[in-house]
Amino acid sequence: MSLVISNLGKRYGTTPVFSHVSLTVASGEFLAIVGESGVGKSSLLNCMAALDDWSEGSIVHDGVNLGALDEVQRAHWRREKLGFVFQAFHVLPHLDVAQNVGLPLLLLKRPDPARVASMLEAVGLAGLGERLPAQLSGGQLQRVAIARALVHRPRLLLADEPTGNLDPQTAALVMDVLQQQAQESGASLLLVTHSESAAARASRLLRLTATGLIG
Ligand SMILES: Nc1ncnc2c1ncn2[C@@H]1O[C@H](COP(=O)(O)OP(=O)(O)OP(=O)(O)O)[C@@H](O)[C@H]1O
Ligand SMILES: [Mg+2]
């Protein structure tokens, strides 16, 4: 199993968000998580990405117990293993599009302009590599974030509403790219979405509630 989450609980201060979340995801599996706004989907993904701490339970990825890693080890783990599409993009404003997409490869000391160009083309942004983020539309920015999450062929792909700003046709293109790239690298793909058509593509659909994940 690629990802094993056991009895995970998360509180902000004393305010509980979710508890008793248990989940195993195999390599190559595509899982969709739905749930109403504010139930904790982004918080759960942040925990899975070891970007935030959790209050109880454990997360193990490919045998690595994320809770046992310090901040530096977590950063290295993310750099190597993780692709994350943030709900709010987090594209770096002072880097151009190609530099944003190529950043994960640069951090791994594996720069690969051809790979960057092919990812830009895959998400429909060919020719926009030299633009700055401020010169892009919301949907184009979202696709920059997706290309960046995929470029280094991560083993774990976490995507938070990756089609939230896209028209149905572009959303379908982006979902094709996400699925194809995940399949090629045998990655586990976890998608948080309010989109029924995106969720319908998943091999498993789970609903997050305050008291756990319902399958
Ligand atoms: N840093 C924080 N400190 C305190 N509370 C937070 C923090 N981040 C989120 N929350 C609260 O935790 C709950 C879960 O937030 P989260 O962003 O995980 O929800 P979500 O399911 O992703 O919602 P949406 O579908 O709107 O994106 C919400 O009530 C939110 O207000
Ligand atoms: Mg969210």
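This is a short talk about a ligand shell and one helix in a predicted model.

Hi everyone, thanks for coming. Let me start with the annotation. UniProt, in an unreviewed entry, lists residues 3-214 as "domain: ABC transporter". In the model, that span is 35% helix and 27% strand, and its end C-alpha atoms lie 17 Å apart.

Now, the ligand. Around ligand 1 you'll find Tyr12, Val17, Gly35, Ser37, Gly38, Val39, Gly40, Lys41, Ser42, Ser43 and Gln87. By character, that shell splits into seven polar residues, three nonpolar and one charged. Which element gives the largest share of the shell? That would be helix α1, residues 41-48, with three residues.

Let's move over to helix α6, residues 168-184. With 17 residues at 1.5 Å each, α6 should span 24 Å, and the distance between its end C-alpha atoms is 24 Å, so the two agree.

Next, which residues of α6 are buried? They are Ala171, Val174, Met175, Val177, Leu178, Gln181 and Ala182. These cover an arc of only 160 degrees around the axis, which means they sit on the same side of α6. If you like the general picture: an α-helix has 3.6 residues a turn, so residues three or four places apart point the same way.

And what do the buried residues of α6 pack against? Their partners are the strands β3 (30-34), β7 (156-160) and β8 (188-192), plus the helices α4 (113-122), α5 (138-150) and α7 (196-200). Flip to the other side of α6, and Pro168, Gln169, Gln180, Gln183 and Glu184 are exposed.

One last detail for the torsion fans: after α6 comes Gly186, with a positive phi near 60 degrees. Thanks, all!

Technical notes: Residues numbered from 1 in each chain as written. Chains lettered and ligands numbered in written order. Predicted model: local features only at pLDDT ≥ 70, side-chain atom pairs only at ≥ 80, totals over all residues. Near = placed C-beta within 6 Å. Helix = DSSP H or I, 4+ residues; strand = E, 2+ residues; numbered from the N terminus. Nonpolar A, V, L, I, M, F, W, Y, C, P; charged D, E, K, R; others polar. Expected span 1.5 Å × (residues − 1). Buried ≥ 20, exposed ≤ 12 C-beta atoms within 10 Å, placed from the backbone. Arc of directions from axis to C-beta. Contact = placed C-beta atoms within 7 Å. UniProt positions renumbered as here; feature names shortened; annotations may be inferred.
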